[in-house]
Amino acid sequence: MSFLRKSMHWMGAVARQRQHLKVIRGAISTAARDYSSEPPNDFGNFPGAKAPFVSKLNLIHPEDYAPIPIYRVMDQDGFIADESQDPQLSREVVEKMFRDMLLLNTMDKILYESQRQGRISFYMTNFGEEASHIGSAAALEMRDLIYGQYREAGVLVWRGFRIDQFIDQCYGNVDDLGRGKQMPVHYGSRELNFVTISSPLSTQMPQAVGAAYAMKMKPDNDACVVCYFGEGAASEGDAHAAFNFAATLGCPVILFCRNNGFAISTPSNEQYRGDGIAGRGPMGYGIATIRVDGTDVFAVYNAMKAAREYVLKENKPVVFEALAYRVGHHSTSDDSTAYRSAEEIEVWNSVEHPISKLKRYMVHKGWFDETEETEFIKDIRKQVLKQIAVSEKKLKPNWREMFEDVYDEIPEHLVEQREELERHIGAHKDCYPLKNFEK
Amino acid sequence: MKVAQVAHSWLSILRSNMRSHSITRSHFTYYPTSLGTGKKMNMVNAINNAMDLALSDDKSALLFGEDVGFGGVFRCSVNLRDKYGKERVFNSPLCEQGIAGFAIGVANIGATAIAEIQFADYIFPSFDQIINEAAKYRYRSGGLFDCGSLTFRVPCGAVGHGALYHSQSPEAYFAHTPGLRVVVPRGPIKAKGLLLACIRDRNPCIVFEPKTLYRAAVEEVPMEYYTSELGKADILRHGKDVTLVGWGTQVHVLLEVAEQAKMNLNIDCEVIDLVSILPWDTNAIFTSAKKTGRVIIAHEAPLTQGFGSELASQIQEKCFLHLEAPVKRVTGWDTPFPHVFEPFYLPDKHRCLSAIKEIVMY
């Protein structure tokens, strides 16, 4: 149990929440009560586990452990409970956090609508999870490599991915970095160290672990890997693979779970029965773990700072669980009121919303200006709408690019297939939307 | 799914069989490739030598998989951990999807990943990572990211007593996936050349190594670094009457059959080792098919949707006017790979020889 104690100790150092630590230690000693009555040093000599013997049969129940507490810096009214936890971010940084969250939120609203109007084929919003994106991204360095799931556009916003880049990707036009090959919201940027998103859930998790291992092997490595995934994705086999490989192979990776309560329509109580995703970290895989309020940008920020420092210093992983609520529908192909109430959504969209919380903090600080906010949103709306008009008029890439990047060089059989299509299109020009594609 | 112990005891059974029964029990006679002078090596030694060269040549190269650390259940990585350190040659937890995903991540960074899947039969848990991820990485990112510097080594094929889960030849599953390279060596020289070529190639590669050849196949293997061209078939025997196409162990069956056809029936067979399953050497196959007008394709994997189907349909499409008989496939049956019935399952020399008679009489 010492590794659990150690990781809890670390967590305590991060959070400096003695009170919570007491709760956990209390819980551990409850579970260990029966052990303590045994003579000391009576340990089993099995290679598979180091543990004391007991002579009383005892089923260990999940209830024997108190849940891992939720680290929070700011309450819902935007007040900092423990001043020692205030990250003391400058006004400039806090304003960037706020603006980036607003930008993401505003862009989401318009792109969601534009999908409803049939202008783009698909979209996924980030409503309610803005703080976990921005707070975590702000605590990282640009050289840190990001693997995401698909609902982490805020990380890209923080890193400087531009509105035109987002929208060009959604349209798959000539300026899309991904060359129009993937569905909307499957962003990627080499420049911003953000590995291209793919649809299969959790596949990025063991990949992030492998990348972290390879980075660790570089001399004087000072970069880590962050892998985002939802609590639903954490049920996949690849999540298990990633947790276990990260622990056994000592990889500087932060396994960042966005636990927003739903995987499409499946509520988290149908997803798992343990203590969330965080509960799997310390006892399950031997990984230092932290759980934070994902609607509190400062909590996410502080915890990520500490996690980054830890993974780089120790060459070990961290399991990071950010609790939030998926305020929007799963995607534009989903109507979430079919499986949850509008009243429930409304609470998370107002008092518990990450943007509202940060706004209240800024009000207390005297940093909030309502006119400025209105102007900013108006300006972003204008930019996004203008960009949609521009992006949808841009040509799609040359259709011949369909055959490129399958391999590093186009193999002979693909050259032949491209030529076959060329001949066919040449003979049936009117049957294809050629005018929309670059020549 | 399996434990190292099982694999280990299985290995010792395999080894004792190799010693005591290799001649009486195996369904093929090994035909070595002569290529200059080198050191006498079996396929295990040649693969070990190739990985040794790859690890010393490229400081970023990592070698990992289940039980790779102590030398591997087939001894292919023996001594490499001592030589290159446990940070570069290491055991992974027992999880194929993890091994494949981890390898992709290593390759994303540009480092070289040599990943071992202990048996081809156990590659399926990593199917998603290989098919949906590795194969599509470059394409879906518009070339921003790739995992070209990864290679999977995967022991495959019949071994006399491997039954359902130590005998499979799953190459056709992977041949259906654009973005991958899939190769199968027929012996030590080829195994070393292909492995080094795959490690260097800028695309994700799978090397299916016929494990029955690990110790049975011995050749004079050049000690220096060399690569064998990917996507290129080898014509091992020239002939004018029938083209025989195979890969891996089956090549040796076909070479023996060609000899018998010549001796007993005066039929001149051309024997081609396809080597690369994807992308494959259309030119070599079409040229030979047009010359002989008769083609037999033989593989251990089941008939339906086996890679032979792809060859046969392309040959009929591209060589239609030259064909004197329908393209014939001699393959494993459409059943799981059985234990005690293995001698009746394999496309052995007797079935291949019958096919030659049939195709010539057509």
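Student: In this predicted model, how far apart are the end C-alpha atoms of helix H3 of chain A?
Tutor: Helix H3(A) covers residues 91-116, which is 26 residues. At 1.5 Å a residue these should span 38 Å. The model agrees with that expectation, because the end C-alpha atoms of H3(A) are 37 Å apart.

Student: Which residue with a positive phi follows H3(A)?
Tutor: The phi in question is near 80°. The residue that follows H3(A) with this value is Gly118(A).

Student: Which residue of chain A has a positive phi although it is not a glycine?
Tutor: The residue lies in the loop between H7 and strand E3 (225-230) of chain A. Its phi is about 55°. The residue is Asp220(A).

Student: What is the radius of gyration of chain A?
Tutor: Chain A comes to 14 helices and 8 strands. For its 439 residues the globule rule gives 22 Å, and the value for the chain is close to that, so chain A is as compact as a globular protein of that length. Along the principal axes its C-alpha trace spans about 90 × 60 × 50 Å. The radius of gyration of chain A is 24 Å.

Student: And what is the radius of gyration of chain B?
Tutor: Chain B holds 14 helices and 14 strands. The globule rule gives 21 Å for 362 residues, and the chain comes close to this, so it is as compact as a globular protein of that length. Its C-alpha atoms fill a box of roughly 60 × 50 × 40 Å along the principal axes. The radius of gyration of chain B is 20 Å.

Student: Is H6(A) parallel, oblique or perpendicular to H13(A)?
Tutor: Helix H6 (residues 163-171) and helix H13 (residues 370-393) of chain A have axes 9 Å apart, at an angle of about 40°. That angle makes the arrangement of H6(A) with H13(A) oblique.

Student: How many nonpolar residues does the contact of H6(A) with H13(A) have?
Tutor: On the H6(A) side the contact includes Ile163(A), Ile167(A) and Tyr171(A), and on the H13(A) side it includes Ile380(A), Val384(A) and Ile388(A). Beside the nonpolar class, the contact of H6(A) with H13(A) has 3 polar and 3 charged residues. The nonpolar residues number 6.

Student: How many charged residues are there in the contact of H7(A) with H4(B)?
Tutor: Helix H7 (residues 204-216) of chain A and helix H4 (residues 96-108) of chain B cross at roughly 50°, and their axes come within 6 Å. The residues in contact include Pro206(A), Val209(A) and Tyr213(A) of H7(A), with Gly98(B), Gly101(B) and Gly105(B) among those of H4(B). By class there are 8 nonpolar and 7 polar residues. The number of charged residues is none.

Student: What is the handedness of the crossing in which H7(A) passes H4(B)?
Tutor: The two helices are oblique to each other. The crossing of H7(A) with H4(B) is right-handed.

Student: Is H8(A) roughly parallel or roughly perpendicular to H4(B)?
Tutor: Helix H8 (residues 237-248) of chain A packs with H4(B) at an angle of about 70°, with the axes 9 Å apart. Angles of 65 to 115 degrees count as roughly perpendicular. H8(A) is therefore, relative to H4(B), roughly perpendicular.

Student: Which residues of chain B does a cis peptide bond join?
Tutor: One partner, Pro279(B), is found in the loop between strand E12 (276-278) and helix H11 (282-292) of chain B. Omega is about -20° for the bond that joins Leu278(B) and Pro279(B).

Note on methods:
Residues numbered from 1 in each chain as written. Chains lettered and ligands numbered in written order. Predicted model: local features only at pLDDT ≥ 70, side-chain atom pairs only at ≥ 80, totals over all residues. Heavy atoms only, no water. Axes fitted to C-alpha atoms, helices over the stretch in contact; angles between N-to-C directions. Helix = DSSP H or I, 4+ residues; strand = E, 2+ residues; numbered from the N terminus. Parallel < 35°, antiparallel > 145°, perpendicular 65-115°, else oblique. Contact = heavy atoms within 4.5 Å. Nonpolar A, V, L, I, M, F, W, Y, C, P; charged D, E, K, R; others polar. Expected span 1.5 Å × (residues − 1). Rg over C-alpha atoms; globule rule 2.2 N^0.38 Å. Left-handed = near helix turned anticlockwise from the far one by under 90°.
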